[in-house]
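Let's take a walk through this structure, from its charged pairs to its core and one of its pockets.

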Amino acid sequence: MRLSQSFIPTMRQDPGEAEVVSHRLMLRAGMIRKVAAGIYSYLPLGLRVIRKIESIVRDEMNRAGAQELLLPILSPAELWQETDRWDFYGKELVRLQDRHERDFCLGPTHEEVVTDLFRREVQSYRQLPLTLYQIQTKFRDEIRPRFGLMRGREFIMKDAYSFDQNETDAQRNYQRMYDAYCRIFSRTGLNFRPVEADTGLIGGISSHEFMVLANTGEELIVFDPDSQYAANVERAEVVAPPVKEPGALSPLEKVSTPNAKSVEDLCALLKIEASLVVKTLLYHTGDNEITAVLIRGDHHANEIKIQRFLGLHDLSLASPELVEKVTAAPVGFVGPVGLSNVRILADNAVSALANFIVGGNETDVHLINVNQPRDFAIDDWGDFRQAQAGDPSPKSGAPLQTARGIEVGHVFMLGTKYSEKMGATYLDSEGQKHHAIMGCYGIGIGRTAAAAIEQNHDEKGICWPMPIAPFQVQILPVTSSEAVRLASEQLYEELNQQQIEVLLDDRNERGGVKFNDADIIGTPFHIIIGDKGLANQALEIKDRKTGEKVLLPPNQVADWIRKAVTQQLHMES
């Protein structure tokens with residue numbers, strides 16, 4: 001393609017609206033343009049990347065035995081009401097009415113629609129196993145869309161759904177999709193890690209997220225360097241501490257702690273470590289029900305775990321007014337001693353403490369030398385905190401490490417969550433009716449492109465992995481002489497004949513402008529053609545990512561490029 005005839009509107013300056021690297025560089029490289037908050041147009045350069053990712057995804061999904069279809073974007077409310085997600089999904093669900101005032105939504109995901117298709121068309125076990133997938137636009141009305149394609153309201157997604165007879169077959173299908181995802185992200189040239197994850201709004205039995213590792217990642221993951229164990233902090237298991245023999249218990253005392261509302265303030269005032277403090281968090285868990293959760297002062301509560309333990313769909317901290325009504329103390333001075341009509345949960349780490357400090361349920365008061373069960377009772381123990389670096393791995397016992405990641409894919413073992421609610425059944429060999437065992441599997445196509453940039457860039461621009469680069473080579477004529485023009489055209493034709501995806505910068509621009517644009521766009525190889533190089537029979541080839549340069553005679557460049565491109569493509573496959 002010739003740049004003079006291409007719609008690639010690069011930008012010289014960083015756009016003020018961009019918050020992360022991928023958003024900034026996608027705008028500067030002329031890949032996307034904003035239409036509204038969280039809604040973007042894909043320009044030709046960006047669409048080439050999207051189509052390459054889709055091609056890899058489609059290839060591996062087909063290889064794994066999935067069949068492609070296309071489901072409607074618009075779906076009727078009745079399907080969502082069958083699974084209770086019409087209300088449960090909340091305001092992220094884009095709802096609308098047709099001219100007859102019938103309720104519809106724009107699909108954020110398609111479990112209901114595909115399950116409805118299954119129950120209408122599949123009757124026998126002979127039609128199983130069945131895995132269906134699509135690549136399609138989705139809609140979620142994010143409360144705060146941000147980061148470009150990372151968190152948009154409209155986005156391109158690959159979603160797949162499997163239907164099986166039993167748990168064994170379903171687990172086999174789940175593993176098949178898991179393996180396909182590993183191949184997909186390896187082929188796109190990304191450094192990724194599958195991690196155990198929470199099932200969230202999709203629901204189900206178990207799930208894994210596929211995280212592209214990048215310092216700019218929104219999510220924190222923990223992993224065990226001595227095993228394959230990895231999980232996001234919402235899902236990561238925390239090993240209960242060993243039971244210790246209690247030492248001497250000091251008498252309970254009340255101390256004045258003016259304005260010490262936070263753990264940090266309290267530790268500074270009493271000159272103690274945060275690990276000796278126990279926070280008491282009050283959650284509103286029912287119409288007239290309050291649950292207290294005790295967490296060590298240097299740990300963070302994991303509301304996903306608490307919510308799961310309580311069997312709730314939602315969880316919220318009690319309001320300051322409710323806290324004061326229940327405890328007679330403001331937020332920051334709440335403690336478990338003397339709490340009545342409140343269920344008390346405690347994280348396992350609290351069990352190893354003795355003579356610790358809690359709020360005194362009075363303004364500006366804390367209690368020291370607190371011990372359980374002497375001073376208060378625990379109703380339930382459990383893993384209620386976020387894992388953190390240094391915690392022992394649940395697999396090997398080695399200290400966990402942390403990394404930041406960007407979620408690009410998610411696989412779920414749904415079980416019968418949807419098939420039971422929607423009556424999606426099949427008949428076995430003896431004519432008995434059973435609910436299909438389901439799984440679902442999603443990949444954010446645009447998010448994968450953005451994550452690739454977060455992981456592959458420098459101060460000058462994008463450094464695309466070869467498999468998803470919009471072009472494999474960019475030719476940069478740096479002077480306007482006839483010799484340079486002819487050499488550039490000849491090489492352009494040779495590369496095209498060898499099926500190399502080449503972008504020729506034939507614009508009437510200075511060399512500096514061309515170099516800057518080439519670096520922003522991020523084509524893996526740059527070929528610089530100038531009068532001096534031609535005179536010396538040496539064209540310069542630069543590797544965009546490493547900066548390494550090779551000088552070759554003009555008649556050897558095309559073959560060298562073909563071999564180098566082929567090698568990089570094979571390295572990533």
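How buried or exposed is Asp-380? This is a predicted model, and in it Asp-380 is partly exposed, with a relative accessible area of 25%. Its salt-bridge partner is Arg-343, which is also partly exposed, at 33%. The two link distant parts of the chain, with Arg-343 in strand E17 and Asp-380 in strand E20, 37 residues apart.

The count comes to 40 salt bridges. Here are a few of them:

| Pair | Closest N to O distance |
|---|---|
| Glu-60 and Arg-183 | 2.7 Å |
| Arg-343 and Asp-380 | 2.9 Å |
| Arg-151 and Glu-142 | 3.6 Å |

Glu-60 sits in helix H2 and Arg-183 in helix H6, so their bridge ties together parts that are 123 residues apart in sequence. Glu-60 is buried, at 2% relative accessible area, while Arg-183 is partly exposed at 24%. Both belong to a network of salt bridges with shared partners, along with Asp-59, Arg-63 and Arg-187.

Now for the nonpolar side. The largest nonpolar core has 62 residues, and Met-31, Tyr-181, Phe-185 and Trp-464 touch the most other members. Helix H6 gives the most to this core, with 8 residues. Beyond its sequence neighbours, Trp-464 is in contact with residues including Met-31, Val-49, Ile-453 and Pro-524.

Finally, the second largest pocket holds about 490 Å³ of space. Its lining has 27 residues, with Lys-261, Lys-279, Thr-280, Leu-281 and Gly-332 closest to the centre. Strand E14 gives the most to that lining, with 5 residues. By class, the lining has 14 nonpolar, 9 polar and 4 charged residues.

Key. Residues numbered from 1 in each chain as written. Predicted model: local features only at pLDDT ≥ 70, side-chain atom pairs only at ≥ 80, totals over all residues. Heavy atoms only, no water. 1 Å grid on protein atoms, 1.4 Å probe; cavity = no way out; pocket = protein on both sides within 12 Å on 5 of 7 lines; lining within 4 Å. Points joined across faces, edges and corners; volume = space filled by probe spheres on them. Helix = DSSP H or I, 4+ residues; strand = E, 2+ residues; numbered from the N terminus. Nonpolar A, V, L, I, M, F, W, Y, C, P; charged D, E, K, R; others polar. Core = buried A, V, L, I, M, F, W, Y, C linked by side-chain atoms within 4.5 Å. Buried < 20%, exposed > 50% of the residue type's maximum accessible area, 1.4 Å probe, protein only. Contact = heavy atoms within 4.5 Å. Salt bridge = Lys/Arg side-chain N within 4 Å of Asp/Glu carboxyl O. Lists of a residue's contacts leave out its neighbours within four places in sequence.
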